[in-house]
Amino acid sequence: MSQSYNRGTVEDFGRWREFSAGMWAWIFHKFTGWVLVGYLFTHIAVLSTSLGGAELYTSTLQGLEALLVVRFLEIGLLAVAVFHILNGVRLLMVDLGVGLESQDKSFYASMLLTGAIVVASIPTFLGGPLTA
């Protein structure tokens, strides 16, 4: 017979204060991965409009580019993708044994670099749709 272990109340939402940088890195990596999977379906849906012809595809893209909310969503997508990539590289280095002692610093560095890239890209995304 196995012994049970009292892990405490699962609904204890105050436990997030006890999370270390490694736990936040894991949570953010999983979250960004699921967001990217969700975006993949949206991307396929938009690309599938090309089956209706070049005019339908072009008008769909122009319509999406004209919406300000889509441009803000693209900034969010950039942030998600950049963080997921940088954290993935950080995890690869940890798995290879490089930087085991400074995992928290590398997590904070990936967050800082993600923020810098996203802030530097905001004028590009909010500049308006490109004209051909």
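**View 1. Trp24 and its ring partner in helix α1 of the predicted model.** Trp24 has a relative accessible area of 27%, and is therefore classed as partly exposed, in a structure that is a predicted model. Phe28, with a relative accessible area of 28%, is likewise partly exposed. Trp24 and Phe28 are 4 residues apart in helix α1, which means that about one helical turn separates them. By the centre-distance rule for aromatic rings, the count comes to 5 aromatic pairs. In the pair formed by Trp24 and Phe28, the ring centres are 5.7 Å apart and the planes stand at 35 degrees, so this pair is tilted.

**View 2. The ring pair of Phe28 and Phe83, between helices α1 and α3.** Phe28, which is partly exposed at a relative accessible area of 28%, also has Phe83 as a ring partner: their centres are 6.1 Å apart and their planes at 85 degrees, so the pair is edge-to-face. Because Phe28 belongs to helix α1 and Phe83 to helix α3, the pair ties together parts that are 55 residues apart in sequence. Phe83 has a relative accessibility of 4% and therefore counts as buried, the cut-off being under 20%. Ring pairs join Trp24, Phe28, Phe83, Phe107 and Tyr108 into a cluster.

**View 3. Helix α1 and the helices against which its buried residues pack.** Helix α1 covers residues 21–47, and its 27 residues should span 39 Å at 1.5 Å a residue; the C-alpha atoms at its ends are 38 Å apart, which agrees with that expectation. Buried positions in α1 are Ala21, Ala25, His29, Thr32, Gly33 and Val46. The buried residues of this helix pack against α2 (54–66), α3 (68–95) and α4 (103–126).

**View 4. Leu126 of helix α4 and its contacts.** Leu126 is located in helix α4 and, at 30% relative accessibility, counts as partly exposed. When residues up to four places away in sequence are not counted, Leu126 touches Leu68, Arg71, Phe72 and Ile75. Of these residues, Arg71 is 55 residues from Leu126 in sequence, while the C-alpha atoms of the two are 6.3 Å apart in space.

**View 5. Gly115 of helix α4 and Val82.** Gly115 is found in helix α4, where a relative accessible area of 31% makes Gly115 partly exposed. Gly115 and Val82 are 33 residues apart in sequence, and the distance between them in space, taken from C-alpha to C-alpha, is 9.1 Å.

**View 6. The chain as the setting for the close-ups.** The chain has 4 helices and 0 strands, and its elements run α-α-α-α from the N terminus on. Of its 132 residues, 17% count as buried, and the chain exposes about 10000 Å², of which carbon and sulfur atoms supply 68%. Among the contacts in the chain with a separation of 6 or more, 72% are between residues 24 or more positions apart. As for the confidence of the prediction, the chain averages a pLDDT of 86, and 83% of the residues score at least 70. Among the elements of the chain, α2 has the lowest mean pLDDT, at 91, and α3 the highest, at 93. Where pLDDT is low, the predicted coordinates should not be read in detail.

Key:
Residues are numbered from 1 along each chain as its sequence is written. This is a predicted model: local features need pLDDT of at least 70, side-chain atom pairs count only at pLDDT 80 or more; totals for chains, interfaces and linings use all residues. Side-chain values use heavy atoms; hydrogens and water are left out. Helices (H or I, at least four residues) and strands (E, at least two) are DSSP runs, numbered from the N terminus. The expected span of a helix is 1.5 Å times one less than its number of residues. Buried means under 20% relative accessible area, exposed over 50%, partly exposed in between (1.4 Å probe, protein chains only). Contact means heavy atoms within 4.5 Å. pLDDT is the predictor's confidence in each residue, from 0 to 100. Rings of Phe, Tyr and Trp (its six-membered ring) pair if their centres lie within 6.5 Å; planes under 30 degrees apart count as stacked, over 60 as edge-to-face and the rest as tilted. Accessible areas come from the Shrake-Rupley method with a 1.4 Å probe; for residues, only the protein chains shown count as cover.
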